[in-house]
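Trainee: I've got a structure open and I'd like to go through it with you. Can we take it piece by piece?

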Amino acid sequence: MNSGVVYALTAYVIWGLFPLYFKALEQVPSLQILAHRMAWSLLFVALLLAVLKRWSWMRLLREQPALLARFALSAVLLSSNWGIYIWAVNSNHVVDASLGYYINPLVNVALGSVLLHERLRGLQWVALAIAAAGVTVMAIEVGHVPWISLSLALTFGSYALLRKTAPLGALEGLAVETAVLFPLAVAYLFWLSTQGMNAFASADLSTRWLLVAAGPVTTVPLLLFAAGARRMSMTLLGVLQYITPTLQLALGVWLYHEPFAAAKMIGFGLVWVGLAVFLLDGLRAAWGRPATTLPSLDDGVAARPKL
């Protein structure tokens with residue numbers, strides 16, 4: 001098996017199993033888990049950069065200060081995506097979270113059409129319409145818009161647009177984003193300590209280690225994904241991405257016994273049909289293009305769930 005496929009598969013499986021990790025921390029408030037994820041991710045990324053001696057990219061930030069503003073905005077979107085996902089998992093909405101990552105590729109296409117004025121092909125319009133019908137069915141059933149799913153898809157879709165043209169690699173970009181978030185996270189955790197509400201201080205040793213593990217848990221699959229993206233076609237990478245929400249859906253339904261009534265099954269079914277049409281169109285378009293060079297580190301950002 002191609003090494004790129006192994007790397008990408010491993011990354012997608014890890015992301016798909018994320019509910020197991022966050023459920024193990026459900027006794028910790030979601031906002032505190034998010035703060036620890038921000039803080040420990042920066043420390044782990046900084047350690048990796050130090051080991052790899054990859055600091056030359058910082059010159060680019062000095063030469064182009066506007067890049068920092070772009071990464072500040074992407075950091076807001078990233079933290080919003082993380083926060084919504086953590087809350088969803090620990091509030092028994094794993095199924096809703098999985099839907100967000102099923103519809104994310106279609107949201108990417110829609111955002112590209114609206115914001116980048118990209119022309120959609122006929123089958124892409126069909127895929128969007130079918131998926132929208134599925135979301136509508138679920139909204140009618142529950143009596144409100146599935147805001148968790150749409151928020152996850154929109155925050156990551158918007159994040160992907162910003163990172164798509166960013167001149168930094170995945171690891172370096174994450175370093176900048178978490179550096180922006182780090183002071184806020186530390187200030188919040190310090191305030192909690194002064195109020196006697198810091199869960200880390202009162203938690204048992206295993207919970208503390210789980211919170212510290214947020215750094216490698218966040219960074220390792222990202223690096224595996226980046227390694228895979230450089231070694232395989234974007235078409236295959238785009239197909240493999242559905243491993244993540246499929247595993248999440250399976251965990252939500254079979255392990256955590258979240259409701260999956262008939263209307264939700266119909267809604268998911270329509271979304272899957274829309275995705276099938278979307279993939280068919282992508283494969284047809286790929287077959288009609290000449291071979292290209294391997295993707296760069298960030299070419300696959302639209303296929304990477306930022307969980």
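Trainee: What makes the span of helix 12 close to the expected one?
Mentor: This is a predicted model, and in it helix 12 (residues 214–229) has 16 residues. The expected span is 1.5 Å times one less than the number of residues, which gives 22 Å here. From its first C-alpha to its last, helix 12 reaches 23 Å, so the two are close.

Trainee: Which residues of helix 12 are buried?
Mentor: Among them are Ala214, Thr218, Pro221, Leu222 and Phe225. They get that label because buried means under 20% relative accessible area.

Trainee: Why are helix 5 and helix 9 called roughly perpendicular?
Mentor: Their axes cross at roughly 80° and come within 8 Å. Angles from 65 to 115 degrees count as roughly perpendicular, so helix 5 and helix 9 fit that name.

Trainee: Which residues meet there?
Mentor: From helix 5 they include Phe71, Leu78 and Trp82, and from helix 9 they include Leu174, Glu177 and Leu181. By class, that contact has ten nonpolar, four polar and one charged residues.

Trainee: What about the largest nonpolar core, which residues have the most contacts inside it?
Mentor: Phe22 and Tyr85, in a core of 59 residues. Helix 5 gives the most to this core, with eleven residues.

Trainee: What is phenylalanine 22 in contact with, leaving aside its neighbours within four places in sequence?
Mentor: Ile33, Arg37, Tyr85, Ile86, Val89 and Asn90. Contact means heavy atoms within 4.5 Å.

Trainee: How many residues are in the second, separate core?
Mentor: That one has 23 residues, including Leu111, Ala127, Leu249 and Val277.

Technical notes. Residues numbered from 1 in each chain as written. Predicted model: local features only at pLDDT ≥ 70, side-chain atom pairs only at ≥ 80, totals over all residues. Heavy atoms only, no water. Axes fitted to C-alpha atoms, helices over the stretch in contact; angles between N-to-C directions. Helix = DSSP H or I, 4+ residues; strand = E, 2+ residues; numbered from the N terminus. Parallel < 35°, antiparallel > 145°, perpendicular 65-115°, else oblique. Nonpolar A, V, L, I, M, F, W, Y, C, P; charged D, E, K, R; others polar. Core = buried A, V, L, I, M, F, W, Y, C linked by side-chain atoms within 4.5 Å. Buried < 20%, exposed > 50% of the residue type's maximum accessible area, 1.4 Å probe, protein only.
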